[in-house]
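Got your viewer open and a selection box ready? Load the model below and we'll walk through it stop by stop.

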Amino acid sequence: MAKIFSFGFWNSIARLILRNRIIILLLIIATTVFLSTQWKNMRFSYTEANLLPDDHEDNIAYNEFLDKFGEEGNLVLLGVKDSTLFKPENFEAWKELTKTLEAYPAVDYAISVSNLQQLKKFEDPSRFEMVPFITEDNPTEEELQQYQDQLYNELPFYENLVYSSHSNTLQSAIYLNKEIVNSKERKTFVIDELQPLIANFEEKTGIDVKVSGMPYIRTLNSQNIIDEIGLFILAALGVTSLIFFFFFRSIRATIISMITVCIGVMWAFGVIGLFNYEITVLTALIPPLIIVIGIPNCIFLINKYQQEIKKHGNQAKSLQRVITKVGNATLMTNITTASGFATFILTDSTLLKEFGIVASINIVAIFILSLLIIPIIYSYMNLPRRKHLKHLNKRWIGGFVNWMEQMVRHRRISIYITSIILLVASIIGIYTIKISGSLLEDMPEEAEFFQDIKFFEEEFDGVMPLEILVDTKRKNGVLKPATLKRMEELENHLAEIPELSQPISITRLVKYSKQAFYNGDAQYYQLPSSQEQNFIMPYTKGFSSNENLLTSYIDSTGRYARITTYMKDVGTDKMEELEEDLWPQINKIFPQERYEISMTGKAFIFQKGTNYLVKNLIISLSLAILLIAIFMAWMFRSFRMIIVSLVPNLLPLLVTAGMMGFLGVPIKPSTILVFSIAFGISVDDTIHFLAKYRQELKANNWKIKRSVYAALRETGVSMFYTSIVLFFGFSVFMISSFGGTVALGGLVSATLLFAMLANLLLLPSLLFSLEKNIANKEVMKEPAMKIIETEEDEAEIEKEESKNSER
């Protein structure tokens, strides 16, 4: 019954496709046009990937912080480590640059040595005012040198804001409008306005300007992702088409395949736009993935068509049988591949969920496109010539198959020993794997902006904001002397940590007000006593709150304060150590019954998100294995065969994990994808081999050796072809400038190569060794779905075709 339904169903599909060719082509064109209209809805990501679920406690805390203080990553930094900046002509150019930047709507304000404000005390009436630090319009070089000395010695308030505490490096802090930080306008400002201005300044003065800050880093990183999408697509098309042509030696077969996968790429972009998803570092991989996964479909279909033409030369019959015979196999393999991606849908991470949805939908879509386009186009073309069929008899492929057969026949013990050695080594390597939650690790190291990041880490101790939110639980509680002293104590502790910069908070302004009260004497830059605070208060009443950047470090009620420090690019392990060090100090300084403290910020959230993903990796991979095992159980209806089939697919995953440990490739958001993707693809070979093996067992009266060798010879070539395409196809990602994408491409390629060898050597060997347990009719029951046709099925197809021709 399963046999009649299976091939009867596919016969019906074949007739439907070939009898309605024009309609189907028009539907494909209409769908492609419709999806292309959705491209306008694609949004490029303008913020870091938030890897945590929306309802995660750390995400909730971060959103609460944003509600009180707005976007914290709105600072762009311009750094100069060049003493010639204080030459009058260069200083004037720097001053002009700052003025020009401040005039842009995207900029709220800028703090630079050229427009620095100094807090001054005035009498009659008693008041503080911010006055220009440099009063002359055109200061001489001597005056500029005096100002420089005064800045370093008399204005500790601006330490790590304008000048570095480590050297004579100066920086300008450009505070962007918080409304545009996560929008397209940020890109316009950075790419079209800021970069040309800096380039003009450098050309005019010969001074090298370093640029950093989260908005700048994110913009250039996003631009790199956008630029690489086109590069990946072209590279994937180029590599796969070359390999395809090498195998088939047919230009038209290559062109037909390229047309098919190009339409698949257009659909992939359309689906992203249809769902209004952002293009992130993950979804940017989907179009080239569709090319890499779609080409094996084309290989199966075109190879089968040419085999049928060689057998009987009847085009109509050949096309009918391509769909009928290969439809099941390609459907099963594409579903298992899609299942590997679909497991990401079950995670709580929006980033992975979107990636899983788009990838799994488009893998099924490329299968449908291949099944429709290839037979229809060939139906309008002449029969392949003899030269197009030569590849079917390649001698070197025969040599490869003979080598596999000899290995399985005479070297099974060696195969087992090698597998065990690899397993033990892999387990050792797995224990050395590290987890990395670095925001910068995957960024292109050769990029100029990456080198600038290292400059600011060295000079200013980091650029990634780490926020500590202080809730005093009462109105105006922040300005109480006890609270300010507690905040200063915590800030002193933070300043001692090498990975963190000098903190910034409201305490700076309070200490600066005491210094100003004592006529700018730097030795009084400290928190005032309660008595001094009473003297100072009358001077602060007329102080305009919008004149100082530090008003953003205390909320309007005076209940909440933030302490901002900037982190170096530390990994997850170091971040956890920092947390373990900080929380005891925080709880000691701020009694929990009087204060509520939370730690947040972009860098912190990214670190937490990485840990969350790693914890979900095992769940996601386990789901993929379980899903595919259930699928195979339904197809083969044999529990023992499932266990045997999983071994050669799990071993390559363990080998890859071990390689990551030995090569120092950490577990991070990009490399987490490797295992589910590779498992979903590699299990395809197992399905093909076991389906053919079961068929041969039945045909050879349950004789193991004859059946294994026959299955090996029959499926080895197609496994080799598709594995080579997938290997080189995924290797394309190694041309990326992003470390994570390079690792993803290399690791998936390596895993698929190991999987091919495991399926061609280890799997047949296991079938030999376990023949008494698995080679019987009870274990190898009739499958629920036919994947490869038998001679009986051939007769059934012939009968079905003759009936159709009579009609």
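Before the opening stop, one term: the bend at a residue is the angle between two fitted axes, one through the seven residues ending there and one through the seven starting there. Keep in mind too that you're looking at a predicted model.

**Stop: helix α6**

Select residues 184-205, which make up helix α6. Put the bend definition to use at L194, where α6 bends by about 35 degrees. A proline, P196, follows within four residues of that bend. Now check the span: α6 has 22 residues and runs 31 Å from its first C-alpha to its last, close to the 32 Å expected at 1.5 Å a residue.

Next, colour the buried residues of α6: R186, F189, V190, L194, L197, I198, F201 and T205. So L194, where the helix bends, is also on the buried list, given that buried means under 20% relative accessible area. While you look along the axis, recall that an α-helix has 3.6 residues a turn, so residues three or four places apart point the same way.

**Stop: helix α10**

Jump to 315-342 for α10. Where does α10 bend? Centre on V326, where the angle is about 45 degrees. The end C-alpha atoms of α10 are 37 Å apart, which agrees with the 40 Å that its 28 residues should span at 1.5 Å a residue. Is α10 mostly covered or mostly uncovered? Mostly covered: 23 of its 28 residues are buried.

**Stop: the second largest cavity**

Stay with α10, since it is one of the elements around our next target. The model has 9 cavities of 30 Å³ or more, and the second largest has a volume of about 190 Å³. To find that cavity, select P296, I681, D684, T722 and L726, the lining residues nearest its centre. In total 18 residues line it.

Which elements give two or more residues to this lining? Show these as cartoons:

- α9 (286-312)
- α10 (315-342)
- α21 (669-699)
- α22 (704-731)
- α23 (739-769)

Of the contributors, α21 gives the most, with 5 residues. Colour the lining by class and you get 8 nonpolar, 8 polar and 2 charged residues.

**Stop: two cysteines**

Select C262 and C298. C262 counts as partly exposed because its relative accessibility is 30%, while C298 is buried at 0%. How many disulfides does the model have? The count comes to 0, where a pair would need its cysteine sulfur atoms within 2.5 Å.

**Stop: the loop between β9 and α15**

This loop sits between β9 (464-471) and α15 (481-495). Pick K473 in it and read off phi: near 65 degrees, a positive value in a residue other than glycine. N476 lies in this loop as well, and its phi is near 60 degrees, again positive in a residue other than glycine. Both are worth a look with the surface on: K473 is partly exposed, with a relative accessible area of 39%, and N476 counts as partly exposed at 41%.

**Stop: pairs far apart in sequence**

Draw some C-alpha to C-alpha distances now.

Begin with L469, in strand β9. L469 is buried, with a relative accessible area of 6%. Draw the line to Y560: 7.0 Å in space, with the two positions 91 residues apart in numbering.

Then select G79 in strand β2 (residues 75-80). G79 is buried, at 0% relative accessible area. Its C-alpha is separated by 9.1 Å from that of V162, 83 residues apart along the chain.

Y158 is found in the loop between α5 (141-154) and β6 (170-176). Buried or exposed? Y158 is buried, with a relative accessible area of 3%. Y158 and L116 are 9.3 Å apart in space and 42 residues apart in sequence.

End on K588, in helix α18 (residues 572-589). K588 counts as exposed because its relative accessible area is 65%, where exposed means over 50%. Connect K588 to R486: they are 102 residues apart in sequence and 9.8 Å apart in space.

Technical notes
Residues are numbered from 1 along each chain as its sequence is written. This is a predicted model: local features need pLDDT of at least 70, side-chain atom pairs count only at pLDDT 80 or more; totals for chains, interfaces and linings use all residues. Side-chain values use heavy atoms; hydrogens and water are left out. Buried means under 20% relative accessible area, exposed over 50%, partly exposed in between (1.4 Å probe, protein chains only). On a 1 Å grid over the protein atoms alone, a cavity is a set of points where a 1.4 Å probe fits but cannot get out, and a pocket is an open set with protein on both sides within 12 Å along at least five of seven lines; lining residues have an atom within 4 Å of a point. Grid points are joined across faces, edges and corners, and a volume is the space filled by probe spheres set on the points. Ala, Val, Leu, Ile, Met, Phe, Trp, Tyr, Cys and Pro count as nonpolar, Asp, Glu, Lys and Arg as charged, and the others, Gly among them, as polar. The expected span of a helix is 1.5 Å times one less than its number of residues.
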